[in-house]
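Here are a few exercises to try with the model open on your screen. Have a go at each one before you read the solution.

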Amino acid sequence: MLLRRWEMRLNSKGQVTIPADLREKCGLRPGDEVDVIEEDGVLRIVRRAGHTTRGQRAARRMRGSAEGGMSTDEIMELLRGE
């Protein structure tokens, strides 16, 4: 198991910034929910169980809200310029 170390500083609000390369590597995006777990004096940051992406949350909010009454075929014809 390869261990890497990142040095960060806690700000006055108790917040820490996770470096961009580490966020990217772990697939963390703005708005993602994480848990901080304390185990034998060690803190672990883990993606929250049942995590959904920002796009998934937006799609869930919008599901069933479309209006206009166009069928899928009509929409495809419109998009294709047929």
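**Exercise 1.** Is D35 buried, partly exposed or exposed?

*Solution.* Keep in mind that this is a predicted model. Start with the cut-offs: buried means under 20% relative accessible area and exposed means over 50%. D35 comes out at 27%, so it counts as partly exposed.

**Exercise 2.** Find out which residue D35 forms a salt bridge with, then work out which residues share one network.

*Solution.* Step one: D35 pairs with R48, and their closest N and O atoms are 2.9 Å apart. Step two: place them on the chain. D35 sits in strand 1, while R48 is in the loop between strand 2 and helix 2, 13 residues away. Step three: look at R48 again, since its side chain also meets that of E33 in a salt bridge (3.3 Å, N to O). E33 lies in the loop between helix 1 and strand 1, 15 residues from R48. Step four: check exposure. R48 is partly exposed at 34%, and E33 is partly exposed at 42%. Put together, salt bridges with shared partners join E33, D35 and R48 into one network.

**Exercise 3.** Work out why the protein is described as more spread out than a compact globule.

*Solution.* First, the layout: three helices and two strands, in the order α-β-β-α-α. Next, the radius of gyration is 21 Å, well over the 12 Å that the globule rule gives for 82 residues, so the protein is more spread out than a compact globule. Finally, look at burial: 5% of the 82 residues count as buried.

Notes. Residues are numbered from 1 along each chain as its sequence is written. This is a predicted model: local features need pLDDT of at least 70, side-chain atom pairs count only at pLDDT 80 or more; totals for chains, interfaces and linings use all residues. Side-chain values use heavy atoms; hydrogens and water are left out. Helices (H or I, at least four residues) and strands (E, at least two) are DSSP runs, numbered from the N terminus. The radius of gyration is taken over C-alpha atoms; the globule rule is 2.2 Å times the number of residues to the power 0.38. Buried means under 20% relative accessible area, exposed over 50%, partly exposed in between (1.4 Å probe, protein chains only). A salt bridge is a side-chain nitrogen of Lys or Arg within 4 Å of a carboxyl oxygen of Asp or Glu.
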